[in-house]
Amino acid sequence: MKQLRSIGLLMLAVASMSGGAFAQEPNGAPPEPENDRWIVQFEGAPSENEIDALISYTGGQTVKRLHLINGRAVRGPESMVATLRTSILVKRVEKDVIRKATAKPAPSQTIPWGVDRIDAEKAWRTSTGSGVKVAVLDTGISLSHPDLKDNINTNCSYNTIDPSKAPEDQNGHGSHVAGTIAAVHNGIGVVGVAPKATLCAVQVLSASGWGYCSDIIEGLSWVIGKGIKVANMSYGGSELCSGEKEALDSADAAGITLVAAAGNNYGGAVDWPAKHEKVIAVTAVGQKTDGTLYFASFSSKGPEVDLTAPGVSIPSTYKKAGYKTLSGTSMAAPHVSGVAALVLEKNPGFNPADVKKRLEQTAECLGSLGSCSTNGTKNWLQGWGLVDACKAVNGTSCQ
Ligand code: CA
């Protein structure tokens with residue numbers, strides 16, 4: 001009996017509706033997703049059957065039951081809303097509005113301070129290193145890193161430690177170096193000095209970060225004859241390896257610009273292979289909060305130094321999909337390798353001596369580190385000065 005009475009009441013309520021006041025959808029803008037859903041709340045405590053009957057009568061369908069608020073989410077024709085609003089069982093009908101996930105979008109890309117300080121981003125108007133192959137002789141590279149993978153060419157990559165395996169970086173060092181050279185300009189993470197250069201991962205150091213001289217010779221042998229124009233060597237040691245020296249001569253003769261970290265000997269002598277006259281030896285500078293540059297205390301120094309570059313607190317890519325801020329002459333050298341790639345895109349006929357000369361002649365001598373050329377003798381801290389990407393590419397000063 002109760003059920004029948006209730007249905008009768010419902011019909012009465014619906015029959016007494018005033019005509020014509022249908023809710024109108026706004027014109028113009030495309031509808032939001034699911035905007036045909038409404039939330040209906042009821043007066044008192046109508047039974048589920050009463051509510052089912054009312055909704056069915058209006059042509060609607062229940063999407064979900066909302067016991068907490070004595071209501072339902074419903075979907076139905078335009079006329080449904082007006083009809084429901086006339087029912088004495090209904091307290092309120094409102095649009096089932098959309099809420100959006102408030103997860104932050106992917107972190108936006110930042111330009112590392114070193115890339116900015118050498119004016120690489122100004123050089124990009126003229127050159128991005130596009131098409132220039134740069135070999136990263138290191139611990140490998142994180143091959144699927146979202147900020148690197150688009151620039152990695154696996155055909156020019158090789159693992160001398162275990163030739164049966166891809167040169168996947170298990171250490172992080174090589175990925176960091178690679179990011180400073182050519183992290184992708186893609187709106188995430190960091191961006192490299194030459195954001196369209198091609199990276200060749202040539203693993204010559206183990207996951208622990210060291211390799212035999214023979215591994216390095218094998219790596220230098222690999223890079224010859226593959227169209228590789230620049231080789232970055234962010235490693236070193238004090239002992240001469242004659243075979244390495246010969247391999248470096250061969251790579252130079254094959255047209256490969258060689259760049260190496262001066263070493264982290266705290267003011268001590270420059271390491272091999274940076275010590276080799278055909279290799280561009282790079283020391284490290286840091287930046288104070290007021291913007292002035294200082295010679296990094298850990299950096300090696302000496303008469304073989306050719307250039308300096310940012311090498312303190314350098315953010316870059318890391319193993320897996322990571323990022324890390326690291327310091328070392330290992331971080332300085334890839335700034336120079338990146339600039340070499342920029343110069344070579346613009347000047348594909350340059351041989352290694354031409355590249356070296358261009359980088360040295362356009363370097364910014366840091367007065368705070370002393371004079372850069374006294375009677376032809378280079379400054380032991382900075383060589384010819386801080387590498388200047390924009391000036392190196394364009395041959396003249398940049399605004
Ligand atoms: Ca990026």
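**Figure 1. Y57 at its place in helix 2 of the predicted model.** The side of the chain shown here centres on Y57, which counts as partly exposed at 46% relative accessibility. Y57 belongs to helix 2, a helix that covers residues 48-57. In sequence, Y57 and T83 are 26 residues apart, while in space their C-alpha atoms are 9.1 Å apart.

**Figure 2. The chain as a whole.** The chain has 399 residues, of which 50% count as buried. Its secondary structure consists of 11 helices and 16 strands. Among the contacts with a separation of 6 or more, 74% come from residues 24 or more positions apart. The exposed area of the chain is about 18200 Å², and carbon and sulfur atoms supply 52% of it.

**Figure 3. Aromatic rings and a charge over one of them.** A pair of aromatic rings is described by the distance of the centres and the angle of the planes. The whole structure holds 2 aromatic pairs. In the pair of Y158 and W222, the ring centres are 4.5 Å apart and the planes meet at 15 degrees, so this pair is stacked. Y158 lies in strand 6 (residues 158-159) and W222 in helix 7 (residues 213-223); the pair thereby links distant parts of the chain, 64 residues apart. The other pair, W210 and Y212, is edge-to-face, with 5.3 Å from centre to centre and 80 degrees between the planes. W210 is partly exposed at 47% relative accessibility, and Y212 is exposed at 54%. Y158 is also partly exposed, with a relative accessible area of 21%. In addition, the ring of W222 has the charged end of K226 over it, 3.9 Å from the ring centre.

**Figure 4. The calcium ion and its donors.** The ion is coordinated by Q109 (OE1), D147 through two OD entries, V184 (O), N186 (OD1), I188 (O) and V190 (O), at 2.2 to 2.9 Å. Along the chain, these donors follow the spacing Q-x37-D-x36-V-x1-N-x1-I-x1-V. D147 is in the loop between strand 5 (133-138) and strand 6, whereas V184 is in the loop between helix 6 (173-182) and strand 7 (198-203), so the two tie together parts that are 37 residues apart in sequence. Both D147 and V184 are buried.

**Figure 5. The disulfide of C156 and C200.** The count for the structure comes to 3 disulfides. In this one, the sulfur atoms of C156 and C200 are 2.1 Å apart, and the link is left-handed, with -90 degrees about the S-S bond. C156 is in the loop between strand 5 and strand 6 and C200 in strand 7, so that distant parts of the chain, 44 residues apart, are linked. C156 is buried with a relative accessible area of 2%, and C200 is buried at 0%.

**Figure 6. The disulfides C213 to C241 and C365 to C372.** The sulfur atoms of C213 and C241 are 1.9 Å apart, and their link is left-handed at -95 degrees about the S-S bond. C213 lies in helix 7 and C241 in the loop between strand 8 (228-233) and helix 8 (242-253), so the pair ties together parts 28 residues apart in sequence. C213 is partly exposed, with a relative accessible area of 23%. The sulfur atoms of C365 and C372 are 2.0 Å apart. The torsion about their S-S bond is about 95 degrees, so this disulfide is right-handed. C365 is partly exposed at 35% relative accessible area, whereas C372 is buried at 7%.

Definitions and conventions. Residues are numbered from 1 along each chain as its sequence is written. This is a predicted model: local features need pLDDT of at least 70, side-chain atom pairs count only at pLDDT 80 or more; totals for chains, interfaces and linings use all residues. Side-chain values use heavy atoms; hydrogens and water are left out. Helices (H or I, at least four residues) and strands (E, at least two) are DSSP runs, numbered from the N terminus. Buried means under 20% relative accessible area, exposed over 50%, partly exposed in between (1.4 Å probe, protein chains only). Contact means heavy atoms within 4.5 Å. Accessible areas come from the Shrake-Rupley method with a 1.4 Å probe; for residues, only the protein chains shown count as cover. Rings of Phe, Tyr and Trp (its six-membered ring) pair if their centres lie within 6.5 Å; planes under 30 degrees apart count as stacked, over 60 as edge-to-face and the rest as tilted. A charge sits over a ring if NZ of Lys or CZ of Arg is within 6 Å of the ring centre and within 35 degrees of the ring normal. Donors are N, O and S atoms within 2.8 Å of the metal (3.2 Å for Na, K and Ca); water is not among the atoms, so sites may look incomplete. A disulfide is a pair of cysteine sulfur atoms within 2.5 Å.
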